[in-house]
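I opened a new notebook page for this chain. My plan is to go from the whole to the parts and to write down what I look up.

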Amino acid sequence: MATSLGSNTYNRQNWEDADFPILCQTCLGENPYIRMTKEKYGKECKICARPFTVFRWCPGTRMRFKKTEVCQTCSKMKNVCQTCLLDLEYGLPIQVRDTGLNIKDDIPRSDVNKEFYTQNMERELANSDGTRPVGQVGKAPSSSDMLLKLARTTPYYKRNRPHICSFWVKGECRRGEECPYRHEKPTDPDDPLADQNIKDRYYGINDPVADKLLKRASTMPRLDPPEDKTITTLYIGGLGDTVTDGDLKNFFYQFGEIRTITVVQRQQCAFIQFATRPAAEMAAEKSFNKLIINGRRLTIIQPVPALYMKAILKAGQSMPLTSRASPLSLTEQILKNVCLVCIDFYTC
């Protein structure tokens, strides 16, 4: 920005001068001894158009150089990374996070209103301790089941790869292995993921990555409670040799009184019977698709009737139960394999 040192003194007071950027683990890279370059007032923020300090670095070997795209004020208002603009807590696009937490975007779009809103947020940031987000994000609920299911648990360093070499695509690249760009065929140009806009991602509108994740969330399996209100038993699968009945009791007692815990070691499964139906429903809702005990991800299925539980306990082979979407419901799967006369698998 062409502004002399003596002019526009009032606006220069609001320019950002930072010592370190706000980044996610993926953009920072896996190298703990990273080297950055710092350019004071190097570029203008792509959201608020105010000059800010630009940081540039290489996140790893054979990775492309990355730099900060938005100022720290805009980053703190949305609690996002300054480079990829993904949420710092969940690693998801803003549109997905706002949908999961029921946050309504209230950032104005016009330049004058945006500047006024930004100044108010800066005063709020100055009065906070800096450890919690401000604005609508800070007032939102602490977590969401949908966000916990979609969130990444490890950094995705593949996102830092170099761009595709356009000369190689045309068959004219002569650098060979020394070329800093990728020698791969590009994806379909009609793919919606190929058209991403940084402002759309920040404001949480028309983000193709967010649309893809929201569609995935809508098709994820759900755990519908059975109509029979007398059923208070849960099926837990995939125990392995490391999960005991004591581990199950220590985890599930928080949801209510437990009547019995039956572990079938041969089939690596267990049945947990609660004293009340609300306790069973709460345990199923809070544990479905995110139950991890002793480092093992366990499978939890809707409460099963006591009659079918006896059949499974008597069976000498594993029952094909699954918590994922299936053309057969749990009851239909059991009825298909169990004879209700002798309460056993079809051996009579």
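Entry 1, the whole chain. How many helices and how many strands are there in the chain? I looked up the totals and found 14 helices and 11 strands. I note at the outset that this is a predicted model.

I then looked up burial and contacts. Of the chain's 348 residues, 39% count as buried. For contacts with a separation of 6 or more, I read that 60% come from residues 24 or more positions apart. The exposed surface comes to about 20,900 Å², and 49% of that is supplied by carbon and sulfur atoms.

Entry 2, the annotated segment. Where does UniProt place the C3H1-type zinc finger region? I found the unreviewed entry giving residues 159-186 for this feature. UniProt also places a domain named C3H1-type at residues 159-186, again in an unreviewed entry. I checked the secondary structure over residues 159-186 and got 14% helix and 0% strand. The C-alpha atoms at the two ends of this segment are 15 Å apart.

Entry 3, the sheet with β1, β2 and β3. What is the order of the strands in this open sheet? I wrote down β1-β2-β3, three strands with antiparallel pairing. The edges are β1 (36-44) and β3 (66-67), each of which pairs on one side only. I followed β2, residues 51-57, to β3 and counted two bridges between these antiparallel strands. In this pairing W57 stands opposite K66 of β3.

The loop between β2 and β3 holds R62. I stopped at R62 since this residue has a positive phi of about 60 degrees and is not a glycine. For background, most residues other than glycine have a negative phi. Is R62 buried or exposed? With a relative accessibility of 54%, R62 lies above the 50% cut-off and therefore counts as exposed.

Entry 4, another positive phi. I found L85, also not a glycine, with a positive phi of about 60 degrees. L85 sits in the loop that runs between α3 (72-78) and α4 (94-101). Is L85 buried or exposed? The relative accessible area of L85 is 1%, under the 20% cut-off, so L85 is buried. I put the two loop residues side by side in my notes: R62 is exposed, whereas L85 is buried.

Entry 5, strand β6 and its partners. Why do I describe β6 (residues 269-274) as largely enclosed by the rest of the structure? Five of its six residues are buried, and I call β6 largely enclosed because of that count.

I next looked up the strands that pair with β6. Strand β4, residues 233-237, pairs with β6 over five bridges in the antiparallel sense. Here T233 faces Q273 of β6 as its opposite residue. Strand β5, residues 258-264, is also antiparallel to β6, over six bridges. In that pair V264 stands opposite C269 of β6.

How many residues lie between β5 and β6 in their hairpin? I noted four. One residue of the turn, Q268, has a positive phi of about 55 degrees. I filed Q268 with my notes on positive phi, next to R62 and L85.

Definitions and conventions. Residues numbered from 1 in each chain as written. Predicted model: local features only at pLDDT ≥ 70, side-chain atom pairs only at ≥ 80, totals over all residues. Heavy atoms only, no water. UniProt positions renumbered as here; feature names shortened; annotations may be inferred. Pairing = 2+ DSSP bridges. Buried < 20%, exposed > 50% of the residue type's maximum accessible area, 1.4 Å probe, protein only. Contact = heavy atoms within 4.5 Å. Areas by Shrake-Rupley, 256 points an atom, 1.4 Å probe, with all protein chains shown as cover.
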